[in-house]
Amino acid sequence: MPGQEAVVHRADVRRVMLPMLRGDAGKVVRSIQRKAVSYYVTQGETDPANAAEHRAEELYHRLCLAQSPKTLDSRWLPGTGPLLESALDELPARSQVYLSERLGLTVAPDLLRQADDETWRRQALRTCIERLADGRADAALDLLDQRLDQVSEDARLSALRIRALAAADRTDEALAMVEPVLELASSASDTETFVEIAVCGARIEEDLGRFRAALALLGQACNAGESSALGDVRMLTVAVAELRLHRRQDSADMPEAAQLRAEVVERVARLGSRERARHPALVRELAAEVGDQMPELVSEAARLLGVDVDGSAGQVLRASLSDVEVRDLEETARMGRRMPHTSEDRPRDAGTFGEDPDNWLVGHNSVARGETVSEYVESEAEHRLSWNHALVNTYQYEVDQAQFARTGSIRRPGPPPLGNLPTADAVVVVPGFMGSVLVDAHTGEVVWGHESPTGFAHAWMRGGGDALRLTEDELQGDHRRVRAVSLLRTPAWAPLLGAIEPYRRLLQAIRHHVAHPDAVLEFLYDWRLPAEHNARLLAQAAARHLQRWRTHPAVPHARRDMADDREPRLVFIAHSSGGLVTCTAVDRDSWLAENTRTIMCLGTPFRGTPKAVEMLSSPSGEVSLPHRRMRELLRTLPGFYDLLPDYRCVEDHGRLRRLELGDVDVLGGDTALAAQAMHTRRTTDLAALRPRIRAVVGIGQPTVQSVDVTYGDIRPLETTPRLSSDGKQVRDSRGTVLRWDSGGDGLVPRGSAGSPRADCFVQIRHGSLIVENVVARYVEALLLEDDYLGQQPLSAETALGSKGPGSVRSLPAEGGIGLPSQDGISLFLPEVVEAGQPCRIRVHGALAQARARCTLVADGPPDYAANVPLHPDGKHLWMRITFPEPGAYRVSVEDVSQSASRLVFVVLPDASD
């Protein structure tokens, strides 16, 4: 080496010579290396200017001697690592691993196996963190499984194993480790790892719907952190998880939640924006829970993470904003010169929406949008609060998506890989309110489910529906007078509810994909009775059905190609309130829960519907005899009270509150029946069932979302106030409550029918969910899901192939399926029309080239079918149809990308008076 009286061998020569020297003169080489160590130990003192170089030489020879990590650690100096990197390949295997760890490098698996325990532990920590960050949970487990004895004695490695097991959908194994590893961390006084494990375990419990267990673990984390004066960042991680659980349990307005929220706001302010910027994921979680109180968090989240409009978050964001609010952002941004002013100097990918505000949303990259949105939220713009709330809503959607438990029982359905193989599971079809045909047990006369419009006209015009009222004996528990004999096989009609579709098409789709028709049980029940009662009957019937099916001769053949040797389980396909009955049954019966694979709910009002409140009320001046009779009937039916909403949807003198028994009494309802229904809803742990639930949610239809009782009567509203994360109503700068239309299926609001794992949003009305092809295809895909060797879970959009009409909206595999826009096709027509009289029908949301058709519904080929011309009417279309004779007719409209249909009953003129 020039000027230093030293010779430096070329690297290629060293790679050849050193192994030869170690083989031929190993003892001599080791002696030289020991003397070199002794020499360089003293050189740092005699030549302090080159201390790092001397220490690197000393460490090099110690590494060649494969000395222990403890010795090497004691001699390590900052700055020596880069000087040793070029010699990495010359070292023994265990020393290569040690130096790689010091240099922040990941070593090859074969080399890592040769490392000593301490070096392996260090490298395993680094490597597993990287593999988990890359989504390679199985690779992380492969590494940890190499030395389980080391993992079991190290709390940090055990914490990584818990995360890896959960990410690999081995949640039972992960949860089994949580308590022992908490003990391990506690005995080692490792508070940081203790809190990390508790938070991870809580997230697994949350993803499984076990919110109480999650809160218990977070309580342990909070106690440990406070006793050890853990830093604000870690404590905020615990607190924000607790706030998320309060929100998801609908207890965000409780005093303990309010106190926790105040503490979080104080900690966030103390943390400061610079420190928060180092933790963008935490900022997003905080924005989701306290962003309404601290808009600066929303602004920071947008700036740090950008604003995505292409995936699930983008669909949620767009669904939370009106066109006016989006336009105001663009205009404000242009005034601030953050956007081009003319089409000539505008970048090609920037775009301007003109008439369509969505064009601007998709025209910029996420970083640019984040900057623009952040500045807008921080400004004094008119709609900044709406944008702030929309972003909070979006962040809530994102943080609510499961971090773990994304496969197995909750995988997305996909077509089977081996042709049209059937499922080996047993299926139970549970109809909704008024979905079963009821007959008088003594006379055999039909009480509900008449086969002709004449029968329904008699029921509601001439008192034939009085037989549906519960007698005193029935209210006391004697239910022998009426029995259910089948699912609806022909269309039905009821005042206030409108047309009710039959279940034939849904049953055909199901039977086509089971191993034998005997695998399908049609659960027939008296829908007039309470969900609690019918849930007990369902649990008994489903258990008998599954036990019989497991001994059926068709089962062994169907199980041949399954991915495991498990016995058949239950798949529930439940429509409307049938989903409430099913969830109650599975919640109450542990055996049923263990043997249930999936509960598919089609338009189920998990949290009730404000429409039920409107149905109880008697509008002033109501003259329709069928409507009056229907209201009087509903007030006597326990099963109807299960539809009452249990969330804050009653607007009372500027206050938003839940429905109370006093309201039911004022409306003329039965408070005892309402109290019974409320108790059933309160005691059903829906959160624990969420991992099994797959919800099909109707959207894009005008839907009652709240009711106003300020002036004494019931005023149904097709909008609802926007709420902040603490449950308060969001107001603009003038103090006006901000409202939004989240839509629904015409009966059930979108928020009530959805769940954290809602799989499918369809632009279909409530009554049509069981007859539309897009839903039938989704049910078929669910039945065949994850049953066969080699099957890969697909997104709903792929499974359904929804390129043409049918309008299903789905999201990528990392989340649920997102909230689409509210621009689906809607048909507006009377519930009942007269034969021979022209009927005008309005059509909203369809393109000008849409096609319309009217068909008489019949068991065989339709007796009447006609194409109907559509006419423009401003932004909408209309058509006129004269129905030739009484019957049930289906009116459908279809354009290039979506479709909609409505069932309408046509009666003789004297029947509609």
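Two strands count as a pair if DSSP finds at least two bridges between them. With that rule in mind, this tour visits several parts of a predicted model.

**Stop 1: strand β1 and its partners**

Select residues 426–430, which make up strand β1. Next, add residues 570–575, strand β8: β1 and β8 pair in the parallel sense over five bridges. Within β8, F572 is the bridge partner of V428. Now add residues 520–522, strand β7, which runs parallel to β1 and is joined to it by three bridges. Here the bridge partner of V428 is L521. In general, strands of a sheet pair through backbone hydrogen bonds, either parallel or antiparallel.

Show the side chains of β1. Are its residues buried or exposed? Five of its five residues are buried. In a regular strand the side chains alternate between the two faces of the sheet. In β1, A426, V428 and V430 lie on one side, V427 and V429 lie on the other, and both faces are covered.

**Stop 2: the nonpolar cores**

Select W448, I510, F572, I573 and F640. Among the 107 residues of the largest nonpolar core, these five touch the most other members. Then select residues 531–550, helix α28, which gives this core its largest share, eight residues. A separate second core contains 54 residues, including L165, F194, A224 and L230.

**Stop 3: a cavity**

How many cavities of 30 Å³ or more does a search of the whole structure find? The search finds five. Rolling a probe the size of a water molecule over the atoms shows where empty space is left. The second largest cavity has a volume of about 70 Å³. To see its lining, select F433, Y525, W527, L529, P530, A531, N534, S577, L580, V581, G639 and D642. Colour helix α28 and α30 (578–588) as well, since these are the elements that give two or more residues to the lining. The lining residues divide into eight nonpolar, three polar and one charged.

**Stop 4: an antiparallel sheet**

Finally, turn to an open sheet of four strands, in the order β19-β21-β25-β24, with antiparallel pairing. Select 826–828 for β19 and 871–873 for β24; these are the edge strands, and each pairs on one side only. From one strand to the next, the twist averages 35 degrees.

Inside this order, select residues 838–844 (β21) and residues 876–882 (β25), which pair in the antiparallel sense over six bridges. Which residue stands opposite R840 in β25? The residue is R880.

Note on methods. Residues numbered from 1 in each chain as written. Predicted model: local features only at pLDDT ≥ 70, side-chain atom pairs only at ≥ 80, totals over all residues. Heavy atoms only, no water. Core = buried A, V, L, I, M, F, W, Y, C linked by side-chain atoms within 4.5 Å. Buried < 20%, exposed > 50% of the residue type's maximum accessible area, 1.4 Å probe, protein only. Axes fitted to C-alpha atoms, helices over the stretch in contact; angles between N-to-C directions. 1 Å grid on protein atoms, 1.4 Å probe; cavity = no way out; pocket = protein on both sides within 12 Å on 5 of 7 lines; lining within 4 Å. Points joined across faces, edges and corners; volume = space filled by probe spheres on them. Nonpolar A, V, L, I, M, F, W, Y, C, P; charged D, E, K, R; others polar.
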